Structures are given as C-alpha cells and as structure tokens.
Amino acid sequence: MSSSPISRYPVPSLDSMPDDILERILAVQEKAKFIPNVFLALAHRPAEFRAFFAYHDAIMEREGSTLSPAEKEMIVVATSAANGCQYCVVAHGALLRVFAKEPMLADQIAINYLHAPISPRQKEMLSFSLKISRTPELIQDSDYSALREHGYDDEDILDITGITAFFGLSNRMAIVMNMQANAEFYTMAREARK
C-alpha cells in the first residue's frame, strides 16, 4: 500500500477534535477495529463532519426502509464507480461484501451491474440510481413506473434517490480531498463466510 497522506487537507489529531466527533470516531474504531479514513479526513471541518454523518445516518439507517443494507451498498458502489470515486468504491465495496456475504459481488457491480448476479428488481434499482446520478434531468414517469413494476413504492424511490444524491456529494468530496482508503477495506470479506 501507498504511504500517501489520507487527504490533501490537514487531518486533525484525535486529541484536538471536539468531544462529540472524537466520541463518534472512537465508537467506529471499537466496532471496526480501525478508523476509516473518511472520519479523520472530514474532521478537518467539524460542522461539515456533523452535517455529513447526520445525513448519512438519516438515509442509511432510516427506520422503516425496505431496502436491505446490502442493497443500499449496491447503490453506493454502482454510483461511486460511475463517478470515479476510488475511496467510496473500495470502502463501500467492503461493506457490500460484508452485508451480502458474497466476496465477488462488489467488484461485479462496480464494473457493470448488468452482468452481476443480482435480481431483476435490484438491477432496476441500480438503473434508476445511475440515471439519477448521471442524467437526473432525464427522469420521467416511465422510470417511476418501472420501479413500481418491480415492487418499489414512493418511499423506496426516495430512499434510492437520497442514497444516490448523498453519495454524489461524498464522491466529490473524497475525490477533491484525495481521500485514501484504508488498507483494511481492500481485503475485508474477500472470502465467503461459512
């Protein structure tokens, strides 16, 4: 792995961070056994860190969402690949492997979701999310109808859209900050769980 800095912007030391941000970072470290670099890099601007993770939690952990954690990560991986965001493809590819318990799925979706071993329903979800990401001005009634034909309702459509939009922001921040993915993400869940 490269010894490049994790961000082109200054990364504050843990002991210089506001208490609430440090508490969140330490909780993530306890659960993951490492600190994902996105937390350290975004701590450069505490108010934006708080807003970023508040919205992240609102969309990714929304009570009542019918999208599975793996499906949410499919959206992140597919749209992040389309946006050319290495950090998010690597980090969320790892999470997708964990949630789906499929060691090759994240790579397959990042390259071309149409050839990935996912359901027609999930392919429709990704088709919509990529259209929202790339050409949102072309969204029309037929796009909603196609989703409804696969069992998605209006709340599901908002979930798909919110995740796509949020990670569009995240992708652009990670690219401009030259955010580097942790080495742990590259190897995480690469072997099928038994």
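The questions and answers below walk through a predicted model, from one serine to the nonpolar core and a pair of cysteines.

Visitor: Is Ser-7 buried or exposed?
Guide: Ser-7 sits in the segment before helix 1, which spans 19-32. Its relative accessible area is 7%, and because a residue under 20% counts as buried, Ser-7 is buried.

Visitor: Which residue has a backbone oxygen that the side chain of Ser-7 reaches?
Guide: Apart from residues up to four places away in sequence, Ser-7 touches Ala-41, Met-177 and Asn-178. A polar atom of the Ser-7 side chain also lies 3.1 Å from the backbone nitrogen of Tyr-9. The backbone oxygen reached by this side chain, at 3.4 Å, belongs to Met-177.

Visitor: Which helix gives the largest share of the largest nonpolar core?
Guide: The largest nonpolar core has 56 residues, and those with the most contacts inside it are Tyr-87, Ile-109 and Leu-126. Among the elements that give two or more residues to this core are helix 1, helix 5 (86-100), helix 7 (120-134) and helix 9 (154-177). The largest share, seven residues, comes from helix 9.

Visitor: How many disulfides does the count come to?
Guide: Cys-85 and Cys-88 are both buried, each with a relative accessible area of 2%. The cysteine sulfur closest to that of Cys-85 is in Cys-88, at 3.6 Å, which is too far for a bond, because a disulfide needs sulfur atoms within 2.5 Å. The count of disulfides comes to zero.

Note on methods. Residues numbered from 1 in each chain as written. Predicted model: local features only at pLDDT ≥ 70, side-chain atom pairs only at ≥ 80, totals over all residues. Heavy atoms only, no water. Helix = DSSP H or I, 4+ residues; strand = E, 2+ residues; numbered from the N terminus. Buried < 20%, exposed > 50% of the residue type's maximum accessible area, 1.4 Å probe, protein only. Polar contact = N/O pair within 3.5 Å; in protein donor to acceptor, adjacent residues only side chain to side chain. Contact = heavy atoms within 4.5 Å. Core = buried A, V, L, I, M, F, W, Y, C linked by side-chain atoms within 4.5 Å.
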